[in-house]
Amino acid sequence: MNQLDALKQVTTVVADTGDFRQLSAYQPQDATTNPSLILKAVQKPDYAPLLQEAVTRWKGHPVEEIMDRLIVRFGCEILSLIPGRVSTEVDARLSFDTMATVTRGERIIELYQAEGVDTARVLIKIAATWEGIEAARILEERGIHTNLTLLFSPVQAVACGRAKVQLISPFVGRIYDWYKKQAGAQWDEAAMAGPNDPGVQSVRQIYQYYKHFGIATEVMGASFRNVGQITALAGCDLLTIAPDLLAQLAASDAPLTRALDPEAARALDLPAVEYDEPAFRYAFNADAMATEKLAEGIRAFAADAAKLEHMMQAA
């Protein structure tokens, strides 16, 4: 059994890509997308016609609506190839506007419904700002399930659990990047690998907290830089993995053992934590890494959404 198949025994494997033609090779359960992945895909000859088709078919409609229709088209193509769910992201430029995020999420769901998709197979992906978490709470109350992304801190995770969101995506690789940059020449790659990786430790802490307190929100590790980060989180509810790392896992027959276990988490002695809005903002502000990486991630996703809009206007 290769490592990918072994991982699937203990974790739901999710493909992190907009390049849906790669999916059949790895047979993931679910898939995730974001504006950066869609932008990357439509720049390829295989996918450029999807952008042109959306622009031509919906000419005269607002450009943000055409963008939603394009990402839903990608989502529908992905859903035709996987048995599970797809995550479709709300424009990151709305990350600090709760009601605009709710409205955009509802429109995305309506577009999927118009295509005959069972919306239980769709997760609306939202940045884990306070406003985004509040939007997710409202959507969940309305029966629309959510995936809270750009999550770098247990503070965000606790608030997401309280909001009863369906799933969170704590970012491993971007946490690793921050600590490696901070350490500079003092960084010891071997010593900080696997279970000692700060990104791995963050996801493990969140997973243990959720399982210990019986929080139903699913934990999906995301943003991996290497296979070691993935195998160190074997047993996590889900892991969303880019195609190049899926290929490495499939090519390896090295042993893989479960690293995260819900029973072990329930046996831990952990304090319960609660945040209202002021406490959330203060605690999150105290975490320099999380504060910087959330802001950086929103800027990057917002910039790629703007580039995608520009391509549509030029088409």
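1. Start with Phe 20. Phe 20 is buried, at a relative accessible area of 6%. The cut-off for buried is under 20%, so that residue falls inside the class. Bear in mind that this is a predicted model.

2. Tyr 47 is the partner to look at next. Its relative accessible area is 1%, so Tyr 47 is buried. In the wider count, the structure holds 9 aromatic pairs. One of them joins Phe 20 and Tyr 47, with 4.9 Å centre to centre and 80 degrees between the planes. That geometry is edge-to-face. The pair links distant parts of the chain, 27 residues apart. Phe 20 belongs to the loop between β1 (12-16) and α2 (23-26). Tyr 47 belongs to the loop between α3 (35-42) and α4 (48-57).

3. Tyr 47 also pairs with Phe 74. Their ring centres are 5.8 Å apart and their planes stand at 35 degrees, so this pair is tilted. A tilted pair is neither under 30 nor over 60 degrees. This contact, too, links distant parts of the chain. Phe 74 lies in helix α5 (residues 63-79), 27 residues from Tyr 47. Phe 74 has 0% relative accessibility, so it counts as buried.

4. Put the rings together. Phe 20, Tyr 47 and Phe 74 make one aromatic cluster. A charged residue joins the picture at Tyr 47: Arg 21 lies over the face of that ring, 4.8 Å from the ring centre.

5. A second charge-over-ring arrangement involves Trp 58. The charged end of Arg 69 sits over the Trp 58 ring, at 3.6 Å from its centre. Keep both residues in mind for the second largest pocket: Trp 58 and Arg 69 are among the residues nearest its centre.

6. That pocket has a volume of about 230 Å³. Its lining counts 13 residues, and those nearest the centre are Arg 57, Trp 58, Arg 69, Arg 73 and Glu 115. Elements giving two or more residues to the lining are α4, α5 and α6 (98-114). The largest share comes from α5, with 5 residues. By class, the lining has 8 nonpolar and 5 charged residues, and no polar ones.

7. Now the largest pocket. About 490 Å³ of space lies in it. It is lined by 29 residues, and Asp 16, Thr 17, Asn 34, Leu 37 and Ala 242 are the closest to its centre. At least two lining residues come from each of α3, β5 (146-151), β8 (238-241) and α12 (243-251). Helix α3 gives the most, 4 residues. The lining divides into 11 nonpolar, 11 polar and 7 charged residues.

8. Last, Leu 4. This residue is found in helix α1 (residues 3-8). Leu 4 is buried, with 3% relative accessible area. Which residues does Leu 4 touch, not counting those up to four places away in sequence? They are Val 13, Tyr 26, Leu 246, Leu 249 and Ala 250. For Ala 191, the C-alpha to C-alpha separation from Leu 4 is 25 Å, with the two positions 187 residues apart in sequence terms.

Technical notes. Residues are numbered from 1 along each chain as its sequence is written. This is a predicted model: local features need pLDDT of at least 70, side-chain atom pairs count only at pLDDT 80 or more; totals for chains, interfaces and linings use all residues. Side-chain values use heavy atoms; hydrogens and water are left out. Rings of Phe, Tyr and Trp (its six-membered ring) pair if their centres lie within 6.5 Å; planes under 30 degrees apart count as stacked, over 60 as edge-to-face and the rest as tilted. Buried means under 20% relative accessible area, exposed over 50%, partly exposed in between (1.4 Å probe, protein chains only). A charge sits over a ring if NZ of Lys or CZ of Arg is within 6 Å of the ring centre and within 35 degrees of the ring normal. Contact means heavy atoms within 4.5 Å. On a 1 Å grid over the protein atoms alone, a cavity is a set of points where a 1.4 Å probe fits but cannot get out, and a pocket is an open set with protein on both sides within 12 Å along at least five of seven lines; lining residues have an atom within 4 Å of a point. Grid points are joined across faces, edges and corners, and a volume is the space filled by probe spheres set on the points. Ala, Val, Leu, Ile, Met, Phe, Trp, Tyr, Cys and Pro count as nonpolar, Asp, Glu, Lys and Arg as charged, and the others, Gly among them, as polar.
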